[in-house]
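Grab a pencil and get the viewer ready. Try each exercise yourself before you read its solution.

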Amino acid sequence: MKKYIIYISILILGLLLGSFFFGRKTTRHETEHIHDAAAETNQMWTCSMHPQIMQPESGPCPICGMDLIPAENSVKGLLADQFKLTENAMALANIQTSIVGNGNTEDNAITLSGKIVENEDNTAIQPAHFDGRIEKLYVKSLGEKVNKGQAIAKIYSAALIAAQQELITTYSIRESQPQLYKAVQNKFKNWKIHGSQLDNVLKTGQVKTSFTIYSHVSGVVTEIAVSDGAHIMDGKPIFKVSNLATVWANFDVYENQISQFKKGQNIDVVTNAYADKVFKGTVDFIDPILDTRTRTVKLRVVLNNKDQILKPGLFVEGKIKGITASKFDVLSIPTTAVLWTGKRSVVYIKSKLNEPVFEMREITLGNQIGDKYQVLEGLNTGDEVVTNGTFTVDAAAQLQGKKSMMNKTNEKIMTGHEGHHMHK
């Protein structure tokens with residue numbers, strides 16, 4: 001009986017051991033099959049908060065630590081240099097694109113980039129008329145309106161103190177020495193000091209230690225050259241004013257476009273500040289001297305600004321109709337589209353019309369005009385370039401091993417998380 005019990009125990013133990021070993025082999029096989037299936041699908045994982053993160057395995061985000069989520073897996077039909085972003089990444093990074101136009105021309109018209117500046121024919125300087133020190137400046141803000149005859153500063157001047165002594169002395173002998181008295185009066189007149197301030201000195205016989213000076217110009221303050229406590233010198237400016245009832249719109253014209261423009265051409269001027277308004281003007285002046293640095297000339301338009309809504313410094317665009325577009329070979333893109341590394345300038349173009357597929361493109365830039373660059377090589381009319389979120393797109397290219405700003409060849413840049421697994 002004991003023998004049978006021993007046989008039965010051995011049989012049961014054998015069954016248990018067999019189940020353990022064969023069951024473990026099956027689990028390992030299934031696990032390998034799962035990993036092989038995942039490898040075949042090329043599943044990538046990304047972070048919902050940092051969509052530039054792309055890793056071949058799930059785990060924590062190397063930036064914020066959140067669990068990674070499966071990224072959209074749609075790489076079929078992409079060329080070697082192309083890569084795709086998720087819709088989530090596009091939205092979070094606010095990625096925007098724009099179409100490259102041909103020579104800034106449309107509808108037989110050319111569009112120029114420019115800026116509003118003061119009408120220099122309607123500017124004036126308020127200078128100092130004697131040496132001294134500003135005890136109190138009453139005009140302190142750019143954009144402040146100043147009227148002729150308005151008090152602008154209180155000034156201390158050693159020369160004025162000495163001249164007052166002369167005035168008091170010559171006043172007492174004015175009957176016998178009228179020429180001498182008049183000479184001292186003219187000195188104050190040349191200093192633009194007269195009226196009640198001098199009358200009070202003569203009446204009291206007391207010397208004033210400081211004088212208030214008054215503006216002899218009117219306009220909007222566009223420049224202030226001094227401040228409280230500053231020393232002033234005869235002839236040096238205190239501030240500058242402009243009459244903004246009219247302003248200039250200065251546009252940059254490339255040298256290969258100069259022949260297409262002439263004085264008196266009608267031009268429509270628009271600005272993002274007032275998207276629903278078109279300001280009419282005519283070409284008033286074309287600079288006869290070429291800027292050798294930018295290879296452009298200035299084209300000037302005088303605009304009516306009686307409501308003073310056009311502010312100096314505003315970027316504007318001017319459209320002149322009747323220009324033959326075929327004579328132009330100028331492409332331009334916003335400055336926000338361009339990334340630099342050393343001598344290389346790169347942009348990202350959207351490769352497919354209805355899909356967020358991108359690729360890097362090296363370009364050759366010309367001059368910067370306002371907020372745009374001239375493109376000499378690398379882009380064609382109709383290309384769709386990334387103009388906002390460019391750095392995010394570049395980061396995604398680097399992490400997916402595509403050509404990028406810092407990577408001329410397809411070489412994937414490992415994140416810290418991936419590097420950790422490689423060294424295991």
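Below are five exercises on this model, each with a worked solution.

This is a predicted model, so local features need a pLDDT of at least 70 and side-chain atom pairs count only at pLDDT 80 or more, while totals for chains, interfaces and linings use all residues. Residues are numbered from 1 along each chain as its sequence is written, and side-chain values use heavy atoms, with hydrogens and water left out.

**Exercise 1. Find out what the chain averages in pLDDT, and which elements have the lowest and highest mean pLDDT.**

Step 1: Know the score. pLDDT is the predictor's confidence in each residue, from 0 to 100.

Step 2: Take the whole chain. It averages a pLDDT of 81, and 79% of the residues score at least 70.

Step 3: Go through the elements. Helices (H or I, at least four residues) and strands (E, at least two) are DSSP runs, numbered from the N terminus. The chain has 7 helices and 26 strands. Helix H7 (residues 416-422) comes out with the lowest mean pLDDT, 43, and strand E9 (residues 132-137) with the highest, 95.

Step 4: Look at two weak stretches. Over residues 19-41 pLDDT stays under 50, and the model has 3 contacts there beyond four places in sequence; a contact means heavy atoms within 4.5 Å. Residues 411-424 also stay under 50, with 27 such contacts.

**Exercise 2. Work out the strand order of the open sheet that contains E8 and E10.**

Step 1: Set the rule. Two strands pair if DSSP finds at least two bridges between them.

Step 2: Start from E8. This strand pairs with strand E15 (residues 237-242) in the antiparallel sense over 5 bridges, and Pro127 stands opposite Pro237 in E15.

Step 3: Move on from E15. 4 bridges join E13 to E15, again antiparallel, with Ile224 opposite Phe239.

Step 4: Finish at E10. E10 and strand E13 (residues 219-224) pair antiparallel over 2 bridges; Lys145 has Val220 in E13 as its bridge partner.

Step 5: Put the pieces together. The order of the 4 strands is E8-E15-E13-E10. The edges are E8 (123-127) and E10 (145-146), each pairing on one side only.

**Exercise 3. Which residues of the largest nonpolar core touch the most other members?**

Step 1: Pin down the words. A nonpolar core is a set of buried Ala, Val, Leu, Ile, Met, Phe, Trp, Tyr and Cys residues joined through side-chain atoms within 4.5 Å. Buried means under 20% relative accessible area, exposed over 50%, and partly exposed in between (1.4 Å probe, protein chains only).

Step 2: Pick the hubs. This core has 29 residues, and Phe188, Ile193 and Phe239 touch the most other members.

Step 3: See who supplies the core. Among the elements giving at least two residues each are E9, helix H3 (158-172), helix H4 (178-190), helix H5 (196-204) and E15.

Step 4: Zoom in on Ile193. Leaving aside neighbours within four places in sequence, Ile193 is in contact with Phe130, Leu160, Phe188, Leu198 and Phe211.

**Exercise 4. Are the buried residues of H4 on the same side or on opposite sides?**

Step 1: List them. Tyr181, Val184 and Phe188 are the buried residues of H4.

Step 2: Check the arc, taken from the directions from the helix axis to the C-beta atoms. The buried residues cover an arc of only 65 degrees around the axis, so they sit on the same side of H4.

Step 3: Recall the helix geometry. An α-helix has 3.6 residues a turn, so residues three or four places apart point the same way.

Step 4: Compare the two faces. The buried residues pack against H3 and H5, whereas Gln179, Lys189 and Asn190 are exposed on the other side of H4.

**Exercise 5. Where in the chain do Asn94 and Gln308 lie, and what sign does phi have at each?**

Step 1: Recall the background. Most residues other than glycine have a negative phi.

Step 2: Take Asn94. Although not a glycine, Asn94 has a positive phi of about 50 degrees. Asn94 lies in the loop between helix H2 (87-92) and strand E5 (96-99), and is partly exposed, with a relative accessible area of 41%.

Step 3: Take Gln308. Its phi is positive too, about 55 degrees. Gln308 lies in the loop between strand E19 (296-304) and strand E20 (315-321), and counts as partly exposed at 33% relative accessibility.
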